[in-house]
Amino acid sequence: MNASANFAPISFSLKGRNALVTGAARGIGYAIAVALGQCGARVAICDLDHDAAERAAAQLGELGIDAIGLGVDVADEQQVQAMVSQVGLALGSIDILVNNAGIVSTLPLLEVSAAEWKRVMAIDLNSVFYCAKAVLPGMMARRSGRIINIASVAGKRGGGLLGNSCYAAAKGGVIALTKGLAREAGPFNITANAVSPALTETDMTSTLSTEARAKVLADMPLGRAGTPRDIAAAVCFLASDAAGFVTGEIMDVDGGYMRD
């Protein structure tokens, strides 16, 4: 038995790989982009706000990370296709896709208009489909790739925190799509997983009242909200070789909120 072969060091390095992160100019997406870059990846920061995406890329550059910033509406399939082509020309083949872009709808179902429903589905769910569809042909040809989707505990619980039924339905769709992608892409050595955060400290959650925040934290065994870096750490694991046998997983990064 060759012990050195069976117990080679586990590597979390992403050196030589190219990552595309949507909604990455701020918040969780930005933390993910930084963490992937710190692990060695070249990073494409894609965001609806083009100027913010370029500023974020410049900030990564100051950290010694090779990054580009692109403006894109991920709810538009043609723009997504163009984005993937641009990233390919600038960085090379896309090895890691992180679908992070999203919005929250907090309205009760009876107050959600058809237009609002379509907007949430377009950004939170359709974009995941468009981006995965755009990168899959290249990943399949290379027989290698990582797709990581940012879901939410709302997609499992049916709402709560800042999101209600509309948002929960979109994130539930992301969870189901992730599992379907894992089945379809697995034969090509491509993994598809999702990270499902609970309360995380971002601009989006800063509007929570003191009472609402206390109620949520009381139900979290770790007693604190998550940070964008907590989510980024899980993404880096799923993007690495260390997670090569993990696919179709919906990883709760939630301080124990979903323990039941």
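A salt bridge is a side-chain nitrogen of Lys or Arg within 4 Å of a carboxyl oxygen of Asp or Glu. By this rule the predicted model holds nine salt bridges. Side chains of opposite charge can pair when their charged atoms come close.

**Figure 1. The whole protein, with its nine helices and seven strands.** The radius of gyration is 18 Å, close to the 18 Å that the globule rule gives for 260 residues, so the protein is as compact as a globular protein of that length. The C-alpha trace spans about 55 × 45 × 40 Å along the principal axes. Of the 260 residues, 48% count as buried. Among contacts with a separation of 6 or more, 73% join residues 24 or more positions apart. The exposed area is about 12,100 Å², and carbon and sulfur atoms supply 55% of it. The protein has 21 positive and 24 negative charges, and the mean positions of the two sets are 6 Å apart.

**Figure 2. The salt bridge between aspartate 47 and arginine 26.** The distance from N to O is 3.7 Å. Aspartate 47 lies in strand S2 (residues 42-47) and arginine 26 in the loop between strand S1 (18-22) and helix H2 (27-38), so this pair ties together parts that are 21 residues apart in sequence. Aspartate 47 counts as buried because its relative accessibility is 7%, under the 20% cut-off. Arginine 26, at 43% relative accessibility, counts as partly exposed.

**Figure 3. The salt bridge between aspartate 49 and arginine 26.** Here the distance from N to O is 3.8 Å. Aspartate 49 sits in the loop between S2 and helix H3 (50-62), and arginine 26 in the loop between S1 and H2; the pair links distant parts of the chain, 23 residues apart. With a relative accessible area of 32%, aspartate 49 is partly exposed.

**Figure 4. The salt bridge between glutamate 116 and arginine 119.** The side chains of glutamate 116 and arginine 119 meet at 3.1 Å, N to O. Both residues belong to helix H5 (residues 114-142); because they are three residues apart in that helix, about one helical turn separates them. Glutamate 116 is buried, with a relative accessible area of 15%. Arginine 119 has 41% relative accessibility, so this residue counts as partly exposed.

**Figure 5. The network of Arg26, Asp47 and Asp49.** Salt bridges that share partners join these three residues into one network. Arg26 pairs with Asp47 at 3.7 Å and with Asp49 at 3.8 Å.

Terms used
Residues numbered from 1 in each chain as written. Predicted model: local features only at pLDDT ≥ 70, side-chain atom pairs only at ≥ 80, totals over all residues. Heavy atoms only, no water. Helix = DSSP H or I, 4+ residues; strand = E, 2+ residues; numbered from the N terminus. Rg over C-alpha atoms; globule rule 2.2 N^0.38 Å. Buried < 20%, exposed > 50% of the residue type's maximum accessible area, 1.4 Å probe, protein only. Contact = heavy atoms within 4.5 Å. Areas by Shrake-Rupley, 256 points an atom, 1.4 Å probe, with all protein chains shown as cover. Lys, Arg positive; Asp, Glu negative; His and termini not counted. Charge placed at Lys NZ, Arg CZ, Asp CG, Glu CD.
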